Each structure stands twice: as structure tokens, then as C-alpha cells.
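User: Hey, can you walk me through this protein? I'd like to know how its parts fit together.

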Amino acid sequence: MFDFKYYTPTKVVFGKNTESQVAELVKEFGGTKLLIHYGGGSVVRSGLLKRVTDTLDAAGISYVTLGGAVPNPHLGLVYEGIELCKKENVDFLLAVGGGSAIDSAKAIGYGVANEGEVWDFYDYKRKATGCLPLGVILTIAATGSEMSDSSVITKEEGLVKRGYSSDYSRPRFAIMNPELTMTLPDYQTACGCTDIMMHTMERYFTQGGNMEITDALAEGLLRTVKKNALILRDNPKDYNARAEVMWAGSLAHNGLTGCGNDGGDWMTHKLEHELGGMYDVAHGAGLAAVWGSWARYVYKDCLDRFKKFALNVMEVEDKGTDEEIAIAGIEAMEDFYRSINMPTNLRELGVKATDEDLVKMAKKCAIGVGGQMGSAKLLDEAAMLEIYRASM
Ligand code: NZQ
Ligand code: ZN
């Protein structure tokens with residue numbers, strides 16, 4: 001096993017009606033003037049935003065609001081948020097929504113706490129030295145941004161989607177009421193389950209350092225999400241299934257399932273980020289569409305892990321050679337994606353890319369990772385292109 005640091009400062013308040021505690025949590029973490037940041041309007045339609053502002057009004061906490069964070073959130077709105085925070089002397093950010101609203105809020109937080117161009121952080125030009133404190137009311141179980149150190153933003157010019165990670169952006173608190181996720185479209189629920197599983201799989205398919213305890217947590221989490229994704233497909237109002245998936249989403253991306261290993265492969269995510277930037281696809285669906293091609297490209301270099309995954313997560317029969325078992329595991333995972341209506345290639349994702357487009361994406365992806373990346377197998381631009389081509 002490798003040495004590791006595990007840092008999860010987020011106070012989690014989990015369960016029914018927990019959003020009613022928002023004012024006391026804001027006070028506990030020192031917020032006096034808030035920016036409430038949200039997405040395209042689901043929180044308005046569900047009445048959640050009104051309940052939150054009523055609670056803050058009653059507690060005498062002042063705030064301004066900024067909606068409009070789109071999936072694959074845009075840099076333009078981040079600039080708007082930074083200006084608004086400076087003008088209104090905002091000292092605390094409250095993101096109400098999913099990964100997009102949370103990530104956009106984190107970027108706003110960097111922009112307020114640091115002088116200069118905020119995109120520099122996402123462009124790997126410099127490191128942030130702080131971030132405005134942030135709290136979250138989560139409405140979709142997916143990215144784990146409610147506990148993670150990451151934020152992913154798309155720059156409209158050139159359609160460049162990039163992530164930036166630092167502990168400064170880890171939320172101070174996360175309110176998680178599984179009931180709030182019951183208004184999700186089925187497609188978004190399935191995208192969320194896919195993303196949650198991928199966050200743990202990225203850390204699972206790695207070369208070395210693996211610990212038995214970390215593997216047990218990872219495999220348990222994967223089996224749990226797989227089972228409950230099917231329950232939610234058939235009964236989206238199942239509270240217990242919503243709760244299992246919601247908590248799994250946080251644990252999948254707060255670092256827990258990476259302890260002791262080399263930190264993760266992350267190439268499926270990097271390949272998806274180019275798709276999200278160029279074609280504006282839902283993140284989870286994009287991951288499902290490229291994972292199978294990535295897995296077939298790398299599995300021979302990471303055979304023990306693929307075999308273990310096949311047996312312990314996908315529960316395939318322990319029969320045949322290691323390679324046959326590994327392939328059976330990959331096929332079983334793709335069957336699972338199909339069973340929750342997720343795509344398993346770019347055509348099913350609805351991406352009509354020419355070979356020229358794939359070449360462009362592979363180039364951008366390689367630039368984005370500094371040339372080459374991957375733990376299960378190190379991938380360069382040529383390998384990325386081959387995976388994109390295989391996923392058509
Ligand atoms: O925008 P609104 O109107 O709120 O609608 C959203 C959006 O259309 C809707 N939605 C969310 N909660 C709902 C709801 N609709 C009805 N009822 C509810 N309760 O669902 C759609 C998707 O929302 P979004 O926030 O975009 O989803 P998600 O949480 O999957 O976030 C995706 C973004 O996060 C990034 C992705 O790349 C993508 O940009 N990621 C962030 C990570 C992180 N910060 O740690 C890690 C991930 O790997 C990922 O890259
Ligand atoms: Zn993800």
C-alpha cells in the first residue's frame with residue numbers, strides 16, 4: 001500500500017427535511033451574506049429555493065441569488081458570479097443543486113478569493129491560495145462535488161472543459177435529503193449512478209498500492225449502487241434506494257475509495273470531458289459511452305484488477321482463463337449500463353463525430369492531461385484516438 005492523506009472536512013447533514021437546518025449551518029460556518037447559486041430552474045419549480053430563502057429570511061441572513069448554471073457549467077456565468085459577490089460583499093456561497101451548480105460556485109469562490117484570471121487555475125497556469133467558503137444543498141446524487149476538492153468548468157471559447165482540484169473548495173457543509181432527488185428525470189438518475197460507480201472504478205483500476213480494506217469498500221459501494229440503480233429504474237420514489245445512492249455518491253468521490261492506491265486512472269473521465277465540452281452530453285452518459293472501449297484497450301495491462309472486478313462486483317462465474325473472466329466482467333458492466341438505459345458507445349450517446357472530430361478530441365485530451373496519463377495503462381494521444389474510434 002502507498003502512504004496517503006485523507007481529508008474530508010465537510011459536515012454532512014443527511015436525511016428527510018434536513019434543508020430546514022440551512023440557516024443554523026450557515027451561521028455555524030460564519031456566513032453573513034450569501035450568494036445562493038443554482039442551475040436551470042429545477043429548484044425553483046420544486047419549491048426548494050423558496051423554502052431555503054424563507055428559512056434564511058426567518059433567521060435574518062441576507063443573500064443574493066444567481067441561477068443559470070447549466071450542465072457542463074460555463075465560465076461566463078462564473079465571471080458574473082464573481083462580480084456579483086464583490087459588489088454585494090458576499091462572504092459565503094450556498095450552492096443549491098447538482099454538480100454543475102456546485103462546481104460553478106467553487107469557481108466563483110476561487111475568483112473572489114484570488115486576484116486575476118480565474119481560468120488560469122483550470123488551465124494549470126497557477127494554483128489558488130484560497131476559496132470563499134461554500135455550503136451545499138444537494139439535489140442529485142452523482143458527482144460527489146458536495147464533498148470533493150474538484151470543480152469542472154467549460155470555457156465557451158474553444159469549448160474547453162477542464163477540472164481544477166484543491167482542498168480550499170471542499171464544502172463546509174452538505175445537506176443531503178434523498179427526497180430532493182425524487183423529482184429527477186430517470187435519465188439523470190441513471191447518469192448519476194454511472195458517475196458514482198465510475199468515481200470508484202477510476203480508483204479501482206490502478207497499478208499497485210491496493211489495500212484490502214479499500215478494495216472491500218470499493219466493491220461494496222459498486223455492488224450497492226448497481227443494485228439500487230435497478231431499484232430506482234423500476235421505482236424512482238424508493239426512499240431507501242435514493243438514500244443508498246446519495247451516500248454512495250459522496251463516498252465515491254471524497255477520497256475514501258482511493259486510500260492506499262496510486263490515486264486513480266481517470267482516463268475515462270478525461271475522455272468524457274472532451275465529449276462534454278464539445279457535444280454538451282450529460283457527464284454520466286458520456287462516461288458509459290467510452291468506458292467499454294477504454295476497458296478493452298487497457299485490461300491486459302491490469303488483468304488482476306479486471307478479474308477481481310468481474311468476480312467481486314459483476315459476480316460473473318469463476319470459469320475460464322483470467323482474460324476470459326476479465327472480458328466477461330466488462331461485458332456484464334455494459335449489460336448493466338444498457339439495463340439502466342445508458343449508452344455503451346458514442347452513437348448511442350447521440351454524438352455524430354467525424355474522424356476529424358475524434359482526432360481533434362484526442363489532441364485536446366492529450367493537451368489537457370499534459371501529454372499522457374493513466375494508471376491501468378498509460379495512454380498517449382494515439383491511444384486516446386484509438387479508444388474514441390473504438391467507441392463509435
Ligand atoms: O439545472 P437544473 O434545472 O437544476 O436541472 C438539472 C440538470 O438539468 C437537473 N436536476 C438536478 N437536480 C434535480 C434536477 N431535476 C429535477 N429534480 C432535481 N432534484 O439534472 C440535470 C443535471 O444536473 P447537473 O448538476 O448538471 O448534474 P451533475 O450533478 O451530474 O453534474 C454534472 C457536472 O459535474 C461535473 C461534470 O463534468 C458536469 O459538468 N463533475 C464534477 C465533479 C466534481 N466537482 O467533483 C466530478 C465529476 O466527475 C464531474 O466531472
Ligand atoms: Zn464523474
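Analyst: Sure, let's start with the polar side of things: between domain 1 and domain 2 there are 9 residue pairs in polar contact, counting pairs with both residues at pLDDT 80 or more. Keep in mind that this is a predicted model.

User: Which strands of domain 1 each supply at least two residues to the side that touches domain 2?

Analyst: Those are β1 (11-14), β6 (150-155) and β7 (160-165). The largest share of that side of domain 1 comes from β6, with 3 residues.

User: And how does that side split into nonpolar, polar and charged?

Analyst: On the side of domain 1 that touches domain 2, you get 13 nonpolar, 10 polar and 6 charged residues.

User: Back up a sec, where do the two domains run?

Analyst: The domain assignment puts domain 1 at 11-180 and domain 2 at 184-390. In the contact, domain 1 takes part with 29 residues and domain 2 with 29 residues. As for spacing, their C-alpha centres are 26 Å apart.

User: How much area is buried between domain 1 and domain 2?

Analyst: About 2300 Å², and carbon and sulfur atoms give 59% of that. Over in domain 1, the residues that lose the most area to domain 2 are A141, K161 and P178, together 22% of what that side buries.

User: How many salt bridges are there between domain 1 and domain 2?

Analyst: The count there is 2 salt bridges. There's also a salt bridge joining E274 and R162, whose closest N and O atoms are 3.2 Å apart.

User: Why would side chains like that pair up?

Analyst: Side chains of opposite charge can pair because their charged atoms come close.

User: What does R170 form a salt bridge with?

Analyst: Its partner is D149, at 3.8 Å from N to O. That pair links distant parts of the chain, 21 residues apart: R170 is in the loop between β7 and β8 (173-176), while D149 is in the loop between β5 (134-138) and β6.

User: New topic: which residues are the protein donors of the zinc ion (ligand 2)?

Analyst: D195 (through OD) plus H199, H269 and H283 (each through NE2), at 2.0 to 2.2 Å from the zinc ion. Along the chain, the donors follow the spacing D-x3-H-x69-H-x13-H.

User: Where do D195 and H283 sit?

Analyst: D195 is in helix α7 (residues 186-204) and H283 is in helix α11 (residues 283-298). The two are 88 residues apart, so that pair also links distant parts of the chain.

Conventions
Residues are numbered from 1 along each chain as its sequence is written. Chains are lettered from A and ligands numbered from 1 in the order in which they are written. This is a predicted model: local features need pLDDT of at least 70, side-chain atom pairs count only at pLDDT 80 or more; totals for chains, interfaces and linings use all residues. Side-chain values use heavy atoms; hydrogens and water are left out. Domain bounds come from an automatic or database domain assignment. Contact means heavy atoms within 4.5 Å. Buried area is the accessible area (1.4 Å probe) that two parts lose on being put together, summed over both. A salt bridge is a side-chain nitrogen of Lys or Arg within 4 Å of a carboxyl oxygen of Asp or Glu. A polar contact is a pair of N or O atoms within 3.5 Å; within protein, one must be able to donate a hydrogen and the other to accept it, and residues adjacent in sequence count only if both atoms are side-chain atoms. Helices (H or I, at least four residues) and strands (E, at least two) are DSSP runs, numbered from the N terminus. Ala, Val, Leu, Ile, Met, Phe, Trp, Tyr, Cys and Pro count as nonpolar, Asp, Glu, Lys and Arg as charged, and the others, Gly among them, as polar. Donors are N, O and S atoms within 2.8 Å of the metal (3.2 Å for Na, K and Ca); water is not among the atoms, so sites may look incomplete.
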